[in-house]
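Me: Could you take a close look at one part of this structure for me? I'd like to understand the sheet and what packs around it.

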Amino acid sequence: MTNKTSETFHGITFPGHLHTQDSLHYATHFKFQDTDTLIVTYPKSGTTWMQEIVTVMSCKGDAVRAQTQPNWNRAPWLEQYYCPDVLNASQENRILTTHLPYNLLAAVIYVARNPKDVAVSYYYFHKMAKFLPESGTFSEFLSAFLEGTVHYGSWFDHVKGWTNNARNIHNFLYVTYEEMSRTLRASLERVSEFLQCPLVEEELTSTLKSCSFSSMKKNCMVNYSLIPQEIMDHRKSKFMRKGKIGDWVNTFSEEQSCTFDAIYTSRMADSSLTFVWCN
Ligand code: A3P
């Protein structure tokens with residue numbers, strides 16, 4: 001991948017247009033409050049989806065906040081440069097988001113997705129997000145993804161780092177994209193229990209409706225269509241692109257899939273995680 005602006009922090013590269021040394025330092029020294037909820041993901045694993053779920057759920061199924069306030073304001077990233085203004089310490093029940101590795105943080109809802117779909121989603125995201133390096137061909141991008149030289153580092157290190165160390169984290173919830181995709185109602189129930197945010201049937205049903213792919217694709221507060229075209233070019237690829245399990249088969253060649261499987265088997269030998277790869 002050709003190098004546009006990036007920022008290196010603790011040996012990992014981050015998009016320089018989004019993060020500075022100061023903002024990354026701020027994130028890793030962030031003072032959490034007991035009432036904070038932190039959503040953690042490797043990019044393209046369902047971040048935006050979980051931001052929507054937690055926002056609507058904390059409003060008891062009322063979608064007004066999710067439809068009037070952009071997701072980066074209501075569930076801000078710790079590491080983005082504008083965070084100090086958005087994160088008001090006097091606020092209770094803050095919803096925070098991060099892509100940082102486990103060793104730079106603590107406390108958490110972690111969302112993981114099968115890495116073949118992550119790689120494809122990330123590749124198309126590079127085509128539309130002008131602040132990311134040129135992706136090159138899919139084959140070039142896949143090599144960088146497997147080597148962990150993409151922004152936010154290696155998917156393997158990220159997922160294993162967080163999950164293998166989860167026992168050290170007080171209040172840790174692990175959710176997969178595939179579980180949300182197959183049984184969103186059950187996932188909402190798990191999140192609601194974790195957040196100690198009980199919902200009556202009607203509230204659960206309206207949360208479910210707001211967090212469906214079709215609602216989120218239409219909601220300009222979460223589909224990133226408010227971002228200027230010079231920064232995110234939706235003509236190249238939509239942010240809410242496909243929203244499916246197993247879309248990787250349309251981009252991976254058979255050979256790429258075999259190479260991927262071999263690397264996956266060896267890199268995940270020390271993890272008990274399993275993923276759903278196809279719908
Ligand atoms: P695709 O590119 O495969 O469509 P993140 O928010 O972590 O950047 O992840 C973005 C991915 O999550 C995109 O995947 C996007 O379409 C998908 N996504 C977001 N909301 C979703 C929803 N409600 N249902 C299914 N997929 C969703």
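**The sheet and its helices**

Reply: Let's start with one strand pair: β3 (residues 37-41) and β4 run parallel, and four bridges join them. One of the residues involved is Val40 in β3, whose bridge partner in β4 is Thr98. Bear in mind that this is a predicted model.

Zooming out, that pair belongs to an open sheet of four strands, in the order β4-β3-β5-β6, with parallel pairing. β4 (95-98) and β6 are the edge strands, and each has a single partner, so one side of each has no neighbour in the sheet. From one strand to the next, the twist averages 20 degrees.

Now for the helices. Helix α8 (residues 155-164) lies across β3, β5 and β6, and runs at about 140 degrees to β5. Helix α10 also lies across β5 and β6, running at about 170 degrees to β6.

α10 is worth a bit more time. Along this helix (residues 184-194), the buried residues are Leu184, Ser187, Leu188, Val191 and Ser192. Looking down the axis of α10, these buried residues fall within an arc of 135 degrees, so they line one face of the helix. What covers them includes two strands of the sheet, β5 (108-112) and β6 (172-176). The cover also includes the helices α2 (47-58), α9 (177-182) and α11 (201-210). Just after α10 comes Gln196, which takes a positive phi of about 50 degrees.

Notes:
Residues are numbered from 1 along each chain as its sequence is written. This is a predicted model: local features need pLDDT of at least 70, side-chain atom pairs count only at pLDDT 80 or more; totals for chains, interfaces and linings use all residues. Side-chain values use heavy atoms; hydrogens and water are left out. Buried means under 20% relative accessible area, exposed over 50%, partly exposed in between (1.4 Å probe, protein chains only). The arc is that of the directions from the helix axis to the C-beta atoms. Contact means heavy atoms within 4.5 Å. Two strands pair if DSSP finds at least two bridges between them. Axes are lines fitted to C-alpha atoms, for helices over the stretch in contact, and angles run from 0 to 180 degrees between N-to-C directions.
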